[in-house]
Amino acid sequence: MRALAVVSLLYLVACEKKEQPAPPLASVSASAPGAAVSAPSVTKRPKDRFDAIEVAVPDGKSSLHVSWKLPDGTGVNDDAPFAVRWVSSDGLTVTPSDISAFGRDVAKGFEIPIELMGGTSGGKLSGDLEMVVCDIATHAVCVPLRRQLEITLSPSKGGALGAVVLPLPSAR
């Protein structure tokens with residue numbers, strides 16, 4: 001019961017409108033007294049996914065910027081948890097670290113450090129993304145998002161780095 005109260009409080013802080021309950025995004029560990037709220041936890045792969053994303057990457061180490069395309073009147077909720085959990089990476093020298101943050105930290109997107117393995121024809125990075133978008137005028141509507149994110153990485157002949165722009169739904 002105490003854990004439910006903590007999760008409910010987190011949701012109310014993350015989205016000012018109290019009349020529209022939604023499933024909480026945070027996980028609570030009830031194994032210890034004073035359970036702490038953590039970033040979202042993905043227990044199973046979300047069914048929704050972003051359309052196929054293919055991006056050119058240069059040889060060597062680089063950083064891929066992922067940003068948002070937001071409809072008018074919609075914004076990333078500054079106080080809501082944000083997470084990306086990498087499920088697999090193929091053709092990369094190292095799997096990037098998972099990302100746990102708040103909306104304010106990723107309002108303009110986030111960076112993924114990448115490096116393709118030598119001699120590969122490309123790579124693929126798969127993960128699960130969780131975040132909340134809201135109606136920025138009134139916060140009357142907040143939409144929790146859980147999406148699969150799969151990025152196909154293709155070596156760039158000219159060394160140019162492509163961009164990833166994820167279209168987010170309207171919260172109006």
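**A disulfide, a core and a small sheet**

Let me begin with the disulfide, a pair of cysteine sulfur atoms within 2.5 Å, which here joins C134 to C142 with an S to S distance of 2.2 Å. I should say at once that this is a predicted model, in which local features need pLDDT of at least 70 and side-chain atom pairs count only at pLDDT 80 or more, while totals for chains, interfaces and linings use all residues. Residues are numbered from 1 along each chain as its sequence is written, and side-chain values use heavy atoms, with hydrogens and water left out.

The link of C134 and C142 is right-handed, with 110° about the S-S bond. C134 counts as buried because its relative accessibility is 1%, where buried means under 20% relative accessible area with a 1.4 Å probe and protein chains only; C142, at 10%, also counts as buried.

Turning to the core, the largest nonpolar core (buried Ala, Val, Leu, Ile, Met, Phe, Trp, Tyr and Cys residues joined through side-chain atoms within 4.5 Å) has 31 residues, and those with the most contacts inside it are W68, F82 and F110. Several strands, which are DSSP runs of E with at least two residues, numbered from the N terminus, each supply at least two residues of this core, among them strand 4 (62–69) and strand 8 (110–114).

Finally, three strands form an open sheet in the order 8-4-11, with mixed pairing, where two strands pair if DSSP finds at least two bridges between them. Strand 8 and strand 11 stand at the edges, each with a single partner strand, so one side of each lacks a neighbour in the sheet. Strand 4 and strand 11 pair in the parallel sense over four bridges, and K69 stands opposite P167 in strand 11.

Notes
Buried < 20%, exposed > 50% of the residue type's maximum accessible area, 1.4 Å probe, protein only.
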